[in-house]
There are 2 protein chains.
Amino acid sequence: MEAGPRRGRPGHDLESVLRGAVKVFNERGYDGTSMEDLARELGITKSAIYHHVTGKEELLRLGVGRALDALFVILDEVSGLDAPAMARLEELARRSVLLLAAELPFVTLLLRVRGNTKAERQALARRREFDAAVASLVTQARDEGDLRPDVDPAVVARLLYGMINSVVEWYRPRGGGRPAELADIIVTVAFDGLRIKP
Amino acid sequence: MEAGPRRGRPGHDLESVLRGAVKVFNERGYDGTSMEDLARELGITKSAIYHHVTGKEELLRLGVGRALDALFVILDEVSGLDAPAMARLEELARRSVLLLAAELPFVTLLLRVRGNTKAERQALARRREFDAAVASLVTQARDEGDLRPDVDPAVVARLLYGMINSVVEWYRPRGGGRPAELADIIVTVAFDGLRIKP
């Protein structure tokens, strides 16, 4: 936390409320968290939360939105690269790991969304859109002869992001190693495999 | 469901109660499910559930126990194979995918355990024990010169099972393809990578 002037007591601005709420959602589950729980865990009143948002569903929408927006920015950036599809796919995987490490709580929340509310269903629809874009890139890389042709591109996309996303289960910013190294490892394992070729 | 004589109304035996409870836990989250929710969803009384178990924590323990017991059986079987460590690791991965497909609800429950109760913490401890056994097999395969030496064995184990376990998010027994084919795909992608070697 940077030193500096702050208005009101800590935890009262939207960013603090959002970060606190996302932490509680990840620990207790979104469904299992009430506005009362949030207020108690954040140490503020419910009306202080309602000053910023209409309720917990808006906090979910803002939280998963941050992860989704960042994923689509990466996708756009990578799509604009002048490189073979395989290189773009590798770069997308690398940047996805870096994003996951940088925005761990928000990505974790996104990955735990189940689809019981409108905000969750919208998030799942955007995830499917992202997955379809990855599958399309896989198809291109396959058509260019760089990626194994014997597996359905949608399954390849799911397995690749299954490996990447599993990192939220164990990676911790402190003591989890440098994100760039982790990204290198994952790209190497996913694209070149665990086996040493004779 | 096999035809045959049944005592009482359907859903009253422990196996039905357990399967129903695991389904509800997976849909609503364990924390967010009360005994009242379970009784309503299963269409039976709370006392009918208490006839079989002491409460929802025992249902969790039985549910995750089924997945964990099966994983350790596989581990034992594979450890007994007269084969290089790399072949044993591939076989462990293959059988883990088959187990996941065969016992999808139980494995899904295990993978969503967060550690808020004693039953959950015990399940997490057994998962760590399994992960350590996988990491040990990875180390052996590396020492035998078959597996890339540039990645921490614990990280390799996590990434391999991250890919395998991600299958619970999208695989469905009906329409999800044959489990043996899925297992082949995952072993191929994890061990030989996505890239076609020139």
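The paragraphs below lead through a predicted model, from the fold of one chain to the contact between the two copies.

Chain A is built from helices, with 9 helices and 0 strands, and along the sequence the pattern reads α-α-α-α-α-α-α-α-α. Along the principal axes, the C-alpha atoms of chain A fill a box of roughly 60 × 35 × 30 Å. Of the 198 residues in this chain, 36% count as buried. When contacts between residues at least 6 apart in sequence are considered, 66% of those in chain A join residues at least 24 apart. One separation within the chain can be set beside these values: Asp143(A) and Asp37(A) are 106 residues apart along the chain, and their C-alpha atoms are separated by 51 Å.

Helix H5 of chain A is a useful place to enter the packing. H5(A) has 18 residues and reaches 25 Å from its first C-alpha to its last, close to the 26 Å expected at 1.5 Å a residue. Its buried residues include the nonpolar side chains Leu89(A), Leu92(A), Ala93(A), Val97(A) and Leu100(A), and among the buried residues of this helix are also Arg88(A), Glu90(A) and Arg94(A), which count as charged. The partners of the buried residues of H5(A) are H4, H6, H7, H8 and H9 of chain A.

Helix H7, one of those partners, spans residues 118-143 of chain A; with 26 residues, H7(A) reaches 37 Å between its first and last C-alpha atoms, close to the 38 Å expected at 1.5 Å a residue. Buried positions in H7(A) include Ala119(A), Glu120(A) and Ala123(A), as well as Val134(A), Leu137(A), Val138(A), Ala141(A) and Arg142(A). The buried residues of this helix pack against helix H4 (56-79), H5, helix H6 (104-112) and H8 of chain A. Asp143(A) is also found in helix H7 of chain A, but this residue counts as exposed, because it has 12 C-beta neighbours inside 10 Å. After the helix comes Gly145(A), whose phi is positive, near 85°. In the other copy, Gln122(B) lies in helix H7 of chain B and counts as partly exposed, with 17 C-beta neighbours inside 10 Å. The C-alpha atoms of Gln122(B) and Arg142(B), 20 residues apart along the chain, are separated by 30 Å.

Helix H9 of chain A, residues 179-192, has 14 residues and reaches 19 Å from its first C-alpha to its last, close to the 20 Å expected at 1.5 Å a residue. Within H9(A), the buried residues are Leu182(A), Ala183(A), Ile186(A), Val187(A), Val189(A) and Ala190(A). These residues cover an arc of only 170° around the axis, which puts them on the same side of H9(A). On the other side of the helix, Ala180(A) and Glu181(A) are exposed. The buried residues of H9(A) pack against helix H5 (85-102) and helix H8 (153-165) of chain A, together with H8 of chain B, so the packing of this helix involves both chains. The helix is followed by Gly193(A), which has a positive phi, near 80°.

Which residues have the most contacts inside the largest nonpolar core? That core has 108 residues, and the residues in question are Ile186(A) and Ile186(B). Leaving aside neighbours within four places in sequence, Ile186(A) is in contact with Ala93(A), Val97(A), Met163(A) and Ile164(A), and also with Leu159(B) of the other chain. Ala93(A) and Val97(A) are among the buried residues of H5(A) listed earlier.

The contact between the chains can now be taken as a whole, with 30 residues from chain B and 30 residues from chain A. On the side of chain B that touches chain A, helix H8 (153-165) and helix H9 (179-192) of chain B each supply at least two residues, and H8(B) gives the most, with 7 residues. By character, the residues on this side of chain B divide into 15 nonpolar, 7 polar and 8 charged.

How are the two copies placed with respect to each other? A rotation of 180° with 0.0 Å of shift along its axis superposes chain B on chain A, with an RMSD of 0.0 Å. The two copies are thus related as by a two-fold rotation axis. Moreover, 100% of the interface residues of chain B are also interface residues in chain A, so the copies meet through the same surface.

Definitions and conventions
Residues numbered from 1 in each chain as written. Chains lettered and ligands numbered in written order. Predicted model: local features only at pLDDT ≥ 70, side-chain atom pairs only at ≥ 80, totals over all residues. Contact = placed C-beta atoms within 7 Å. Helix = DSSP H or I, 4+ residues; strand = E, 2+ residues; numbered from the N terminus. Buried ≥ 20, exposed ≤ 12 C-beta atoms within 10 Å, placed from the backbone. Expected span 1.5 Å × (residues − 1). Arc of directions from axis to C-beta. Least-squares fit on C-alpha atoms with pLDDT ≥ 70 in both. Core = buried A, V, L, I, M, F, W, Y, C linked by C-beta atoms within 7 Å.
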